[in-house]
Amino acid sequence: MKRYARWAKVLYGWKINKSVDALCPPEEVFLEITNTCNFKCSYCPHAEPNHFLEVSPATMSPDDVLLLLGKLRDGGVTTSAIHLNIDGEPFMNRRIDQICSAAISKGWNTFIFATNGYYASAERVNALPAAGKDVRYLFTIDFCSDRVLFERYRGGTGSWDVVRQNVHDLISLDIPHVSIVMTDISSFVITDRRELLSRYAALKQLFPDSKRLGFKTREFHDVTAYVTGQVNGSHEHRKYNECPYPWTSIHIAANGDVISCDRDLRHKNVLGNLFTENFSDIWNGEKYRRLRNAILEGDLADMGACPFCDLPYDSSKFSLRHLAQVAVVRLGAFSMVD
């Protein structure tokens, strides 16, 4: 019940009270343990040659994680679910098992990874700490039934087979603390509804039935102009919705930068650095308050990546159904693991 009370307080501060000060610590914690990746997805800035000219490559150590998570706990963050990625592929960090152990020592027990699945082998996953039944892992993997589409727009040659086999292996193992959600990326190039439904069904047929394996579809947004290089079309006749992230979530990049959200992959809105500052000084500091005020006023012109984002104009992302999905997956309230 305490968790739901916190969620209600966050909702009140963001949507009802509209305060530039967050009324309580964030419920979502994103910690980028590395920003390097072995894939060059067409819908990701890693596909651009100059990506690391804008943001230097960085990888966290277990000691880094202990320091940063300790600061969050000292600042009053009580959540038990954590996302161990923003940009990059988390399994590229070879000390991921030690990092999870460090997080467990600080009271986190629900780990959510957006992974491409290439390095999520049975051996690597079995090395992740599982201290009793309280520790849970959820892997979300972008995939599709079409090998050619996948290897053209996401992974390289041979990657489709590797990811598929890894998922098969993980589902066949007796590891009830590990769940997987496969997201169909066919909509990146396919628009016909019947074709998308057919491809979604084909994706499900690639894998055995399991209570630890779920599926969902994806709608692509050019949220920060990585694909077109331009601000998305006119929003003049579309309803504006206030982005909740600066009230609900904290996103800590591998170099310690606190950025506005998991779409600000080039650190256009740096709100502080948790390696050099305390959490409380950042969370309700001048930069966060300025960002929240800009969102409330709908005046985002000077807010780095925000003017390029089209999500505030997608009302489906603010529906009760979608908010419930966020609570289930992103806030760690999923029930796929016993």
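This tour moves through the structure one selection at a time and says what is to be found at each stop.

**The whole protein**

Begin with everything displayed, and keep in mind throughout that this is a predicted model. The protein has 338 residues, of which 52% count as buried, and its secondary structure consists of 12 helices and nine strands. If you colour the surface by atom type, the exposed area comes to about 15700 Å², with carbon and sulfur atoms supplying 50% of it. Among the contacts in the protein that have a separation of 6 or more, 76% are between residues 24 or more positions apart.

**The nonpolar core**

Next, select Leu72 and Phe139, which touch the most other members of the largest nonpolar core, a group of 73 residues. Stay with Leu72 and show what surrounds it: leaving aside neighbours within four places in sequence, Leu72 is in contact with Val29, Val77, Trp108, Ile250, Ile252, Leu274 and Phe279.

**Helix α4 and the glycine after it**

Now select residues 96-105, which form helix α4, and pick out Ile96, Ile99, Cys100, Ala102 and Ala103, since these are buried. Looking down the axis of α4, you will find that its buried residues fall within an arc of 155°, so they line one face of the helix. To see what covers the buried residues of α4, add other elements to the view, including α3 (62-74), β3 (110-114), α5 and β4. Then step just past the end of α4 to Gly107, which takes a positive phi of about 95°.

**Asn85, in a loop before α4**

Select Asn85, which lies in the loop between β2 (81-83) and α4. Is Asn85 buried or exposed? Asn85 counts as buried because its relative accessibility is 8%, the cut-off for buried being under 20%. Its side chain reaches the backbone nitrogen of Ala114 at 2.9 Å. Not counting residues up to four places away in sequence, Asn85 touches Phe30, Leu31, Glu32, Pro90, Ile112, Phe113 and Ala114.

**Helix α7**

Move on to residues 159-172, the 14 residues of helix α7, and place a distance label between the C-alpha atoms at its two ends. These atoms are 20 Å apart, which agrees with the 20 Å that the helix should span at 1.5 Å a residue. Within α7, the buried residues are Ser159, Trp160, Val163, Asn166, Val167, Leu170 and Ile171. They cover an arc of only 135° around the axis, which puts them on the same side of α7. A general point helps here: an α-helix has 3.6 residues a turn, so residues three or four places apart point the same way. Show the partners of this buried side as well, for the buried residues of α7 pack against α5 (122-126), β4 (136-143), α6 (147-153), β5 (178-184) and β6 (213-217).

**Helix α8**

Select residues 193-205 for helix α8, whose 13 residues reach 19 Å from the first C-alpha to the last, close to the 18 Å expected at 1.5 Å a residue. Which residues of α8 are buried? They are Arg199, Tyr200 and Leu203. Seen down the axis, the buried residues of α8 fall within an arc of 105°, so they line one face of the helix. These buried residues pack against β4, α6, β5 and β6, while the face turned away from the buried side carries the exposed residues Arg194 and Gln205.

At the N-terminal end of α8, zoom in on Asp192, which caps the helix with a side-chain oxygen 3.2 Å from the backbone nitrogen of Arg194. Then select Ser198, also in α8, which counts as partly exposed at 44% relative accessibility. From the C-alpha of Ser198 to that of Ser145 the distance is 9.8 Å, although the two are 53 residues apart in sequence.

**The loop between β8 and β9**

For the last stop, select His267, which lies in the loop between β8 and β9. His267 has a positive phi of about 55° although it is not a glycine, and at 14% relative accessibility it counts as buried.

Asn269 has its place in the loop between β8 (257-259) and β9 (270-273), and it is buried, with a relative accessible area of 6%. The side chain of Asn269 reaches the backbone oxygen of Met303 at 2.9 Å. To finish, show the residues that Asn269 touches, not counting those up to four places away in sequence: Val258, Ile259, Ser260, Asp264, Leu291, Met303, Gly304, Ala305 and Cys306.

How values were computed
Residues are numbered from 1 along each chain as its sequence is written. This is a predicted model: local features need pLDDT of at least 70, side-chain atom pairs count only at pLDDT 80 or more; totals for chains, interfaces and linings use all residues. Side-chain values use heavy atoms; hydrogens and water are left out. Helices (H or I, at least four residues) and strands (E, at least two) are DSSP runs, numbered from the N terminus. The expected span of a helix is 1.5 Å times one less than its number of residues. Buried means under 20% relative accessible area, exposed over 50%, partly exposed in between (1.4 Å probe, protein chains only). The arc is that of the directions from the helix axis to the C-beta atoms. Contact means heavy atoms within 4.5 Å. A nonpolar core is a set of buried Ala, Val, Leu, Ile, Met, Phe, Trp, Tyr and Cys residues joined through side-chain atoms within 4.5 Å. Accessible areas come from the Shrake-Rupley method with a 1.4 Å probe; for residues, only the protein chains shown count as cover. A polar contact is a pair of N or O atoms within 3.5 Å; within protein, one must be able to donate a hydrogen and the other to accept it, and residues adjacent in sequence count only if both atoms are side-chain atoms.
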